[in-house]
Amino acid sequence: MKNTGQDDKVYSIEFFPPKTVEGREKLKNTIKDLGKLNPRYFSVTFGAGGSTQQGTLETVFDIQEAGFDAAPHLSCIGSKKKDLRDLLNTYIDRGINRIVALRGDIPSGMGGDAGEFRYANELVEFIRKETGDHFYIEVAAYPEFHPQAPNAATDMKNFVRKVKAGADSAITQYFYNPEAYFRFVDEAAGLGVDIPVFAGIMPITNFEQLARFSDTCGAEIPRWIRKRLEGYGNDIESIRNFGMEVTIDLCRTLIKGGAPGLHFFSMNQAGPTTAIWKALDL
Ligand code: FAD
């Protein structure tokens, strides 16, 4: 399943595994709806320590059954090599050849066992060692820097480690400052990074949820956006209209500035991603 747009940019869409049977059925419809946009692939998140392993597998299979390419995420913190090896083999057997390799965050309450991996570069090395070039490996990138990084330069060095370990491309955390993305990409190129860095896009539809996510993942909501969203209070329609405008403008700026593609954090909703996709004529 390839994008048929006028250029060779890659547009992809992310889901998280639903927790209930009803949620799974609903997501099957969302896959059908978003499938009409012809994304290059759908990716599916994975809970650290394998906490959503079954749900990730099921969602990946549902995507394949609907006729689309699926890219499971794989986070390594709290995991054992043996378990990840088994999972990689399951994916190979199912014809999966793209994976998003992450460290993950141990959810509070899951205990302190960090498992056999500490950082994503170790997971990338492990996947390459175990499976050679079978997988196209994506890693995460942070244009506004990872919240646990001691400083920007160290975080950039750590990003380069993942690339050197064998990543084929990267997907960024979401951001609303395009300048942060362009600087990140330029700096990485200066350090020898020549893989595509796809921009992660979070459509703005709900201010409180966005503010909560942003606080934990270190993505900045610029003051002018925050103030306007706050000002709309419970006026959901105004939040959505303004949010769409801001997100569409951001995507336009990124594409115009040379971003090799966009990765939409759909939050399992078809509407916002479809609206942006159509407005951009992807
Ligand atoms: P790493 O690249 O390992 O970096 C983590 C921190 O450690 C950084 O501060 C970095 O500077 C530092 N570091 C890295 N390598 C080293 C090293 N060798 N030595 C010392 N310090 C180092 N989480 C999930 O649990 N499941 C998902 O499915 C998921 N999907 C995501 C998808 C995208 C596109 C993005 C951007 C994030 C996703 N996350 C997911 C969140 C991610 O797991 C967290 O942001 C996590 O805190 C870091 O993961 P990472 O792979 O970037 O880690």
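In the predicted model, P17 is buried, with a relative accessible area of 11%. This proline lies in the loop that joins strand β1, residues 10-15, to helix α1. Beyond its neighbours up to four places away in sequence, P17 touches V44, T45, T52, G55, T56 and T59. V44 and T45 are thus among the contacts of P17, and strand β2 spans residues 42-44. A distance to a remote part of the chain was also computed for this proline: the C-alpha atoms of P17 and I239 are separated by 26 Å, with their positions 222 residues apart along the chain.

Helix α1 covers residues 21-35, and the loop that runs from this helix to β2 contains N38. N38 is buried at a relative accessible area of 18%. The backbone of N38 has a phi near 65°, a positive value in a residue other than glycine. Most residues other than glycine have a negative phi. A second asparagine, N268, likewise is not a glycine and has a positive phi of about 65°. N268 is placed in the loop between β8, residues 261-265, and α10, residues 271-280. The relative accessible area of N268 is 10%, and this asparagine is therefore classed as buried.

The description now turns to the protein as a whole. The secondary structure comprises 10 helices and 8 strands. For a compact globule of 282 residues, a radius of gyration near 19 Å would be expected, and the protein agrees with this expectation at 18 Å. Along the principal axes, the C-alpha atoms fill a box of roughly 50 × 45 × 45 Å. Buried residues account for 50% of the 282 residues. Among contacts with a separation of 6 or more, 79% are between residues 24 or more positions apart.

The surface and the charges were examined next. The exposed area of the protein is about 13600 Å², of which carbon and sulfur atoms supply 48%. There are 33 positive and 37 negative side chains. The centres of these two sets of charges lie 1 Å apart.

One of the acidic residues, E122, is found in helix α4, which spans residues 120-131. At 18% relative accessibility, E122 counts as buried, because the cut-off for this class is under 20%. Apart from residues up to four places away in sequence, E122 touches E116 and F117. The C-alpha atoms of E122 and R85 are 14 Å apart, and the two residues are separated by 37 positions along the chain.

Further along the chain, Y232 occupies the loop between α8, residues 223-231, and α9. Y232 is partly exposed, with a relative accessible area of 27%. With neighbours within four places in sequence left aside, Y232 is in contact with S238, I239 and F242. Helix α9 runs over residues 236-256. For Y232 and F242, which are 10 residues apart along the chain, the separation of the C-alpha atoms is 9.6 Å.

T247 is located in helix α9. The relative accessibility of T247 is 0%, and the residue counts as buried. Residues I201, M202, P203, I204 and I276 touch T247, when those up to four places away in sequence are not counted. I276 is one of these contacts, and helix α10 covers residues 271-280.

Finally, the cysteines were considered. A search of the whole structure finds 0 disulfides. The closest cysteine sulfur to that of C217 is in C251, at 17 Å, which is too far for a bond; a disulfide would require the sulfur atoms to be within 2.5 Å. C251 accordingly is in no disulfide, its nearest cysteine sulfur being that of C217. Both cysteines are buried: C217 has a relative accessible area of 16%, and C251 has a relative accessible area of 0%.

Terms used
Residues are numbered from 1 along each chain as its sequence is written. This is a predicted model: local features need pLDDT of at least 70, side-chain atom pairs count only at pLDDT 80 or more; totals for chains, interfaces and linings use all residues. Side-chain values use heavy atoms; hydrogens and water are left out. Helices (H or I, at least four residues) and strands (E, at least two) are DSSP runs, numbered from the N terminus. The radius of gyration is taken over C-alpha atoms; the globule rule is 2.2 Å times the number of residues to the power 0.38. Buried means under 20% relative accessible area, exposed over 50%, partly exposed in between (1.4 Å probe, protein chains only). Contact means heavy atoms within 4.5 Å. Accessible areas come from the Shrake-Rupley method with a 1.4 Å probe; for residues, only the protein chains shown count as cover. Lys and Arg count as positive and Asp and Glu as negative; His and the chain ends are not counted. The place of a charge is taken as NZ of Lys, CZ of Arg, CG of Asp or CD of Glu.
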